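Please read these points with the structure open beside you. They take up one helix and then one interface.

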There are 2 protein chains.
Amino acid sequence: MDYKKAAAHAKTDSFLMATLDEATRNRALEEIAEALEKNKEDIFSANREDLAAGADLAGPLAARLKFDEHKLEDVVRGIHDLTRLPDPLFRVQMKRELDEGLVLTRTTCPIGVIGVVFESRPDALVQISGLCIKSGNCVILKGGSEAKHTNKALFDVIHAAGVKAGLPSCFAVLVEDRAAVEELLSCDESIDLIIPRGGNAFVRHIMETSKIPVMGHADGICHIYVDKAADLAKAVPIIVDSKTQYPAACNAMETLLIHKDVADDLVARVLEASPVEIQVRQDEYKEFLDYIMTVRRVDSLEEAVDHINRYGSHHTDCIITEDEAACRRFMDTVDSAGVYCNCSTRFADGFRYGFGAEVGISTGKMPPRGPVGLEGLVTYKYRLKGNGHIVADYAQGRRSFHFRDLK
Amino acid sequence: MDYKKAAAHAKTDSFLMATLDEATRNRALEEIAEALEKNKEDIFSANREDLAAGADLAGPLAARLKFDEHKLEDVVRGIHDLTRLPDPLFRVQMKRELDEGLVLTRTTCPIGVIGVVFESRPDALVQISGLCIKSGNCVILKGGSEAKHTNKALFDVIHAAGVKAGLPSCFAVLVEDRAAVEELLSCDESIDLIIPRGGNAFVRHIMETSKIPVMGHADGICHIYVDKAADLAKAVPIIVDSKTQYPAACNAMETLLIHKDVADDLVARVLEASPVEIQVRQDEYKEFLDYIMTVRRVDSLEEAVDHINRYGSHHTDCIITEDEAACRRFMDTVDSAGVYCNCSTRFADGFRYGFGAEVGISTGKMPPRGPVGLEGLVTYKYRLKGNGHIVADYAQGRRSFHFRDLK
C-alpha cells in the first residue's frame, strides 16, 4: 500500500467530510455500532489470535489487549453516546459587525486529516474512529502491532459500515506496516495533526521528528504530594486508587512526595491498605505502569512543586491537604494540564470529565490541553462578508470600525 | 550572552509572571508607555542609524523599518488600549460538578515563555511585548537585523520600565545575535511557543526544524477569485486595495483568479483604476510583497477553490460575487484561516477584527488560527477538587457521575 497516496486521498476526502451534515455523520455512527455487534464473533476470534501471540505480555498489557463482550458493549455504548452529543461543527463562536455591512463570523470546522498512533488497545481504534467521524475528520489509524488482527477486524467492519452510510472511502485508513509511520510523518501536506498515544520512546521520536503538529504525551508521570496539613485517612485510599486502580494507565500515580512531618507512617499505611503489593523505590522518576512507585520525602510544598515541574510530565498532579491556601498555591504553580486536590489522579480522563470520550490526553501547553474530546478535534475559520469594503477607507479616516458583537 | 541560560531564567520567571494580578500587569504597561514617550528622541536617533544603514532597502521595506513620531503615537495608543482590554487570565471557561463534592474547573493561564522572531518593523517589538505582558507570558524577542539599533533602544526602555513596575527581570529577553536563534530552537524545556513572523526561508526553516510548537506562517499568498456573478464595479476597488494598500503585508493579494466569463476587461479596468503601476505575471504563484500580481483565468468556482487549496498558504482568500450560494460554497470549501466575500484581504488583521492588536497570523490548522491576539496567548489548566474521591467507586458502580454544569 502506498501510504503517501492514501494520505493525499484522505486529504481530498476531508473536504467532503467537512460538508457532511450532522444527520449523515450520526447515521454512519449508528451503522457502525450495529455492524460491530453483528460481526462480533469475527472480532473476538481475531482478538484470540492476538492474545495467543501475546501470551507473554505483562498482566496490565494483556488486559489492554483483550477485546471481549464487555469491551464491545463499552465501545458500542460509547458510539451511541457520541450520536447524542451536540454537533461540534458549524458552531458560531463569535459574530461581530466590524462596521456597517461588514460582518465577521468565526465558525468551527474539522481539522482535516488526523493521524493517530495508539497503543495495543483495540477499543481505542473504535473510540478514535467514532470521535473523528462525529467531528468530520478523516483519520489514519496505526495501532500497536500486538493488536494487529483485532485492529484489522475492527477496521474492516467500521470502514464498510461507514462507506455504506455515505462517508467517503478514505474517511478512515488503517496502517498495518510500522515502517509506513515514518513515511506518514513527512506527509505534512496531507496530514494536519498527529496524535501519538501511549508512553514510550517511539512516541517521543514522533514528537521530536515530525513536521506535522503533534498532540499528546510521551510520558504520564503523575505525582501525589501529601501536604503536612493532609488528612491521612483521606490520603491513603486516594494514593492506593491512583496507583492500583489501573496501573497501566497514563494517569496512574508514579511518584509520591510526602511532607517530612507526616512521612513517618504514611508509606506503611499505604502498603498495608493496598489490596495488591506495591513496591517502593527511591530516586527513580519514571513511568512504571505497574505496582511500583517512587517515594520521596520533601521539606515543603515549594520543594514538591519544584520537583513536579522539573521531573513530571505536565500530565496530572495532586495535592492532599486540608489547607485551602496550600491547595491554591499548588494549583496555581504546578505547570500541568491537571492540578488536583484530595482526589485520585485516575480522574484525568475525557469520559470522567463528561466529554463523552477522549482521543488522547495532551501534555503540551497549547490548547487543546489535558483530556481531548470532540472539542479538541475541531478548529475554526473566520468568515468575513462585506459589500465592497476596502481598507484604504479606514486607513485614511473616511470610515471607522464600530465592533458591534452580534453574538 | 548565554541564551540557553537566559531562556531557562525566563522559564523560572514565567511562574512568577503567572501569579501577577491584572493591576500589576496593567501598571507595567502604563509605565512602559510613559517611558517610551520620555525616551523617544533616543529611539528616533537609533532608528535614523538603522535607516541610514538600510538606505538601499525597497520602498515597502523601508516604510516598515521607519519608527517616527507617528509610529510612536500608534504603539503608545496600542499599549493604552491593551490596559483597557479585559484580563485574559484566571477566566473560568468551564465549571462542572462531576459528582457531589467533586468539582472540575477549567481556568485560563499563561502559556509560559514565548519566543517571537519578527521582521524589521520596530513597532512590532512594542506590540509583542505589550501583548505578552498583558497575558502574563515571558517573551524572547528577535527582530530583523535591519532594525537592530531601534530594537535595542526600544527594548532597553521597555525592560527598565517593566522591571521598575514589578515584573521579573527576564519578563523580556532581547536576542541580538542571529546565530543564537538556532540555539534557542533547541530550548524546548524552556520555551513553550515560537512565533515566527514575516514570510521568508528563515521562517520556514524554523517551522521545519524546531521541536518547540510553532505558530505562524511562512507565506502570505492570498487570492481573490472574481466569480462570473461578480459586480465588477465592486471588484475593481477591492482588488486594487488588496494589492496596493500595503503591498509589503502578508494579507496583500498575490494571485487574482478570474472566471472566464468576466476576464476580458477586468484586468484592464484594474490596471486603469490603480493609483500605482501593477505588473501582471502568469503562472508564478508566490508572495511578491510588491506591486506585482499573478493573474489566472479559471473555468469555474471549483477550479478556483482547487487552485487556492493547492497553491495558497491558507492565510486569507476572497470571492467577489453577488451569488449567495457561490459565496457559501467558496467559504465552506476553501481551507484557509480567513474566507472572505466582497471585501479586501487587507482586513485580515487582529486590530481590524477588534482584538486590540495581534502577535501574528497563524496559517496552521489548530487553534489559534488566523490573526492571534490576547486570546491566543493564553492556555488553560483543569483544576479538580474532591474530598477523598477515588475512581474505584465509579468503576465498581458504587457511585456515578452526574456532570452538572455550574457555569
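The numbered points below concern a predicted model.

1. Helix H2 of chain A covers residues 22–38. Its 17 residues, at 1.5 Å each, should span 24 Å, and the end C-alpha atoms are 24 Å apart, so the expected and modelled lengths agree.

2. Which residues of H2(A) are buried? They are Thr24(A), Arg25(A), Asn26(A), Ala28(A), Leu29(A), Ile32(A), Ala33(A), Ala35(A) and Leu36(A). As background, an α-helix has 3.6 residues a turn, so residues three or four places apart point the same way.

3. The buried residues of H2(A) pack against four parts of chain A: helix H3 (40–53), helix H5 (69–84), helix H6 (122–134) and helix H7 (148–164).

4. Turning to the interface, 74 residues of chain A are in contact with 75 residues of chain B. The two chains bury about 6,300 Å² between them, and 60% of that lies on carbon and sulfur atoms. On the chain A side, Met366(A), Tyr382(A) and Val391(A) lose the most area to chain B, together accounting for 11% of what that side buries.

5. How many salt bridges are there between chain A and chain B? The count is 10. In one salt bridge, the side chains of Glu324(B) and Lys385(A) meet at 2.6 Å, N to O. Between the chains there are also 44 residue pairs in polar contact, both residues at pLDDT 80 or more.

6. Strand S15 of chain A (residues 378–389) gives the most to the side that touches chain B, with 12 residues. The residues of that side divide into 37 nonpolar, 17 polar and 20 charged.

Definitions and conventions:
Residues are numbered from 1 along each chain as its sequence is written. Chains are lettered from A and ligands numbered from 1 in the order in which they are written. This is a predicted model: local features need pLDDT of at least 70, side-chain atom pairs count only at pLDDT 80 or more; totals for chains, interfaces and linings use all residues. Side-chain values use heavy atoms; hydrogens and water are left out. Helices (H or I, at least four residues) and strands (E, at least two) are DSSP runs, numbered from the N terminus. The expected span of a helix is 1.5 Å times one less than its number of residues. Buried means under 20% relative accessible area, exposed over 50%, partly exposed in between (1.4 Å probe, protein chains only). Contact means heavy atoms within 4.5 Å. Buried area is the accessible area (1.4 Å probe) that two parts lose on being put together, summed over both. A salt bridge is a side-chain nitrogen of Lys or Arg within 4 Å of a carboxyl oxygen of Asp or Glu. A polar contact is a pair of N or O atoms within 3.5 Å; within protein, one must be able to donate a hydrogen and the other to accept it, and residues adjacent in sequence count only if both atoms are side-chain atoms. Ala, Val, Leu, Ile, Met, Phe, Trp, Tyr, Cys and Pro count as nonpolar, Asp, Glu, Lys and Arg as charged, and the others, Gly among them, as polar.
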